[in-house]
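Here's a set of short exercises to work through with the model open in your viewer. Try each task before reading its solution.

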Amino acid sequence: MSGEALTIALAGNPNVGKTSLFNELTGARHKVGNYAGVTVEILEGEVRGELAGGRRLRVIDLPGTYSLTPIAEDEAVALRGLVGRERPPPDVVVLVVDAANLARNLYLALQVIELGRPLVIALNMIDVAAAAGIAIDPAALAAALGVPVIPTVARSGEGSAALTQAAVEIGEGAPAPVALEELRARLRASPEGPGGEALAGLEAALGDPLRARALVGARAADTVALVAADQREAQAADGVAPEAAIEAAAALAIARYAEVDRLLAALGHADGARSGAPAMDRSARIDRILTHRVWGLAIFIGVMAILFTSIFAWAEPLMGLIEGGIAWLSDQVGALLGPGIFTDLLREGVIAGVGNVLVFIPQIALLFLFVGLLEDSGYMARAAFLIDRLMARVGLHGKAFVPLLSGYACAIPAILGTRTISSFRDRLVTILMIPYMSCSARLPIYVLLIAALMPSDERVGPFTVGGLVLLGMYLLSTASAIVVGAIYKRTILRSPTPPLVLELPPYRLPRLRNTLLAVTDRTMDFVREAGTVILAMTVILWALLSFPRPPEAPAEAGAKVEVVAGAEDAPIVHSIGGRVGVAMEPLLRPMGQEWRVGIAILGSFAAREVMVSTLGLVYGIEGADDDDRPLREAMREAREPDGSRRYTPLRGLALMVFYVYACLCMSTVAVVRRETRSWRWPIFMFVSMTTIAYVAATLTFQVGRLLGFE
Amino acid sequence: MSPRSLATLELGVAARVARVAGVDALRLRLLEMGFVPGTQVRVIKRAPFGDPLELEVRGGHVSLRAAEAARIEVEG
Ligand SMILES: Nc1nc2c(ncn2[C@@H]2O[C@H](COP(=O)(O)OP(=O)(O)OP(=O)(O)O)[C@@H](O)[C@H]2O)c(=O)[nH]1
Ligand SMILES: [Mg+2]
């Protein structure tokens, strides 16, 4: 039936290169990383290029899974995709296996063979296997399994054409070879012992040994509803006692591994059960230092310190360039259009507002670059390994550390990343912790305040003051996340400390090209947001801050002097926005803030970065028309009527503390609602975080003042 | 030699899995990760504060806490 679309599903153990292959086949750029559990939802795409017969080939990429008896949400998503729940089952399953780790990867292959769906094996990472001295004969493996085996290197695209071709052939109904039938027959043999009896009972009830195997596993993993094809199967499976199902599933697991070892022996491989880990040799040597008892922790802290201080130092020159460009653009617009309300809107609203956010592109890109390099190297799993003891104290496991760390970039993918955590309560604790991690949207705020108000270029040893203050904000946010997690885990979300099963993948050299592409993609997301949400907010706020104009404009020159001297009569305080700001000032005074900041805080309820653009607006509207100073200078030089600095370092610090805690991101609230399937948790999160923010900022300011810092 | 817990195995010494104790989902998962009877395992290292462990099994490295590793009985 040419012309009709064929669907292939990429399945396999975690971190074997499924998404790399998917990207290669479809031309997409989905996230790839060297740790288990990068992909946590089903990705869809279409194979690019002409296929024989003009056929369309759809591809879905599944999360990784060690077996078909899922213990976490991501594995359940994979199983659903494989058996076809929310969507029709795939026509062909392409099982991606790690050629350097067949002794474990073939286990899932056998389970998928039991499922009985048309199957092709992609023998991926043959480059890694070859480098480790593991020689595999794909033809012999194919003959032994009775399934086509295509060697691939997903990183370079080697073998992907052969793979699609094999998948199309199988999808068009090539008959199963004899070997596969023999293998299925062997897998059908019943294990002995108590589990065997439960299985035999189920087999008798269903009359189909392979279905009975799938269902007894489902019963053990509590996923009968997913796996059962109909009411009859569900009832039969639910009739098995849970303990008996676990015994049966355990006996089957042992039998499958016996079959794996038999297969590997027949192929002349080192005994699967007894092989060491040749592909890990080099990584183990690296780990002698990176996970060393003393050096490991020191390096971990060092890596974090370098990360945050260099974000600050390296981005500085680029920032200056962008600022210069924006000022130039503003001047050009001013010269071209002459004075007028439309010019004001363009210069003070659009250019100043959006420009003040775009200034932070270098920092954001650097942050994404660092996190991307860490994720792609294999260090994330080591960080989780090093930090697990601390996480165990909290009551979580080291695996929760991976989504927490990616929360530095953005909370939303990090919250999705918690799908790898098996218990729902623990997942929820981690979800509630993530928004405390300082995401990239806070970075502009920290950088603005540090650069404007602190002696940021002074040095302390090898570090700049600015970098250290920034590091301090990240430490505060991380420590707060951990404390909050510990509290929830002991109160509202009490549950036993979960087990840790964490794979430590071999280190890989990050591919700079891919990392850079990913950085570009994510930075463009940021720019796009600046061009849409922030632009829209800025225009609205500009209007609110500009109208109504003061009753009768005082002499032009006089007004300008006044603005510099003191703002209480400035035109802006007559506007709606200005009035709201002034009205809320009593609320802000305890934490050392004044009405301009108040307006900015209100603006940032839409998105954090709006804080920066709003302040830019306020100063733009307030300032003289020919005043193109960057916002940080305007803030540094701002004076109260009595001549004192409007923003002191202490006030800046209090404001930063506010932004560490305040939950000011509607997308985060929405994604928490989606992942927890209720409004309860997002509302709880929003209210608690905002309250903590207010209290902590007030404490910072008041305590600082008592200590004489003003 | 009688079986003993994997958690007490000396670093770098190879032993074979005798059985995985308990009847729960974790037992099943440990078996499915390859800790089946007869499989060779080694403790590669312990994390800075003594926990978790890094184990070598079936061509890969997996980290388990001592509490879970203790459920894996090894011999030889
Ligand atoms: N050397 C080499 N590395 C590869 C190959 N395929 C993938 N990788 C790397 O292996 C790592 C995992 O790749 P992914 O594509 O994210 O793996 P995945 O199976 O989608 O992982 P999960 O989504 O976590 O299940 C990345 O660092 C890839 O760059 C390959 O054929 N050779
Ligand atoms: Mg993936």
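**Exercise 1: a charged network**

Task: find which residues are linked with E41(A) in a network of salt bridges.

Solution. The network links E41(A), R419(A), R427(A), R674(A) and E675(A). Keep in mind that this is a predicted model. For context, the structure holds 35 salt bridges over all chains.

**Exercise 2: the magnesium site**

Task: work out which residues coordinate the magnesium ion (ligand 2), and where they sit in chain A.

Solution. Start at the ion: T19(A) and T39(A) each bring their OG1 atom to the magnesium, at 1.9 to 2.0 Å. Next, place them in the chain. T19(A) belongs to helix 1 (residues 18-26) of chain A, while T39(A) is in the loop between helix 1 and strand 2 (43-46), so to speak a link across distant parts of the chain, 20 residues apart. Finally, check the burial: both T19(A) and T39(A) are buried.

**Exercise 3: two faces of a helix**

Task: decide how the buried residues of helix 13 of chain A are arranged around its axis.

Solution. First list the buried residues of helix 13 (residues 281-290) of chain A: S283(A), D287(A) and L290(A). Looking down the axis, these fall within an arc of 65°, so they line one face of the helix. Then turn to the face pointing away from that buried side, which carries the exposed residues R282(A) and R288(A).

The spacing has a simple background: an α-helix has 3.6 residues a turn, so residues three or four places apart point the same way.

**Exercise 4: domain 1 against domain 4**

Task: describe the contact between domain 1 and domain 4 of chain A, and find which three residues supply 85% of the area that domain 1 buries.

Solution. Set out the domains: chain A is divided into domain 1 (6-186), domain 2 (189-253), domain 3 (295-490) and domain 4 (512-706). The C-alpha centres of domain 1 and domain 4 lie 50 Å apart, and their contact takes four residues from domain 1 and five residues from domain 4.

Now the area. The two domains bury about 310 Å² between them, with 31% of it on carbon and sulfur atoms. On the domain 1 side, R29(A), K31(A) and E73(A) supply the 85%, more than any other three residues.

Last, the charges: there are two salt bridges between these domains. R29(A) also meets D521(A) in a salt bridge, with N to O at 2.5 Å.

**Exercise 5: where chain A meets chain B**

Task: characterise the interface of chain A and chain B by contacts, area and salt bridges.

Solution. Count the contacts: 53 residues of chain A touch 36 residues of chain B. Together the chains bury about 3800 Å², 60% of it on carbon and sulfur atoms. Four salt bridges run between them. Zoom in on R29(B), whose side chain meets that of E75(A) in a salt bridge (2.9 Å, N to O).

R29(B) is also one of the buried residues of helix 1 of chain B. That helix (residues 25-32) is mostly covered, with seven of its eight residues buried. Just after it, G34(B) takes a positive phi of about 110°.

**Exercise 6: backbone oddities**

Task: where does P52(B) lie, and are M125(A) and R58(B) buried or exposed?

Solution. Begin with the proline: a cis peptide bond joins D51(B) and P52(B), with omega about -5°. P52(B) is in the loop between strand 3 (40-46) and strand 4 (53-57) of chain B.

Move to M125(A), a residue other than glycine whose phi is positive, near 60°. M125(A) lies in the loop between strand 5 (119-124) and helix 4 (126-131) of chain A. Its relative accessibility is 10%, so M125(A) counts as buried.

R58(B) has a positive phi too, near 45°. Its place is the loop between strand 4 and strand 5 (60-64) of chain B. With a relative accessible area of 1%, R58(B) is buried.

**Exercise 7: sequence separation in salt bridges**

Task: how many residues apart are R211(A) and E233(A), and R528(A) and D525(A)?

Solution. R211(A) and E233(A) form a salt bridge, the closest N and O atoms being 2.9 Å apart. The pair joins helix 9 (residues 209-221) to helix 11 (residues 231-238) of chain A, 22 residues apart. Both partners are buried.

R528(A) and D525(A) also form a salt bridge. They are three residues apart in helix 23 (residues 512-546) of chain A, so about one helical turn separates them.

Technical notes. Residues are numbered from 1 along each chain as its sequence is written. Chains are lettered from A and ligands numbered from 1 in the order in which they are written. This is a predicted model: local features need pLDDT of at least 70, side-chain atom pairs count only at pLDDT 80 or more; totals for chains, interfaces and linings use all residues. Side-chain values use heavy atoms; hydrogens and water are left out. Donors are N, O and S atoms within 2.8 Å of the metal (3.2 Å for Na, K and Ca); water is not among the atoms, so sites may look incomplete. Helices (H or I, at least four residues) and strands (E, at least two) are DSSP runs, numbered from the N terminus. Buried means under 20% relative accessible area, exposed over 50%, partly exposed in between (1.4 Å probe, protein chains only). The arc is that of the directions from the helix axis to the C-beta atoms. Domain bounds come from an automatic or database domain assignment. Contact means heavy atoms within 4.5 Å. Buried area is the accessible area (1.4 Å probe) that two parts lose on being put together, summed over both.
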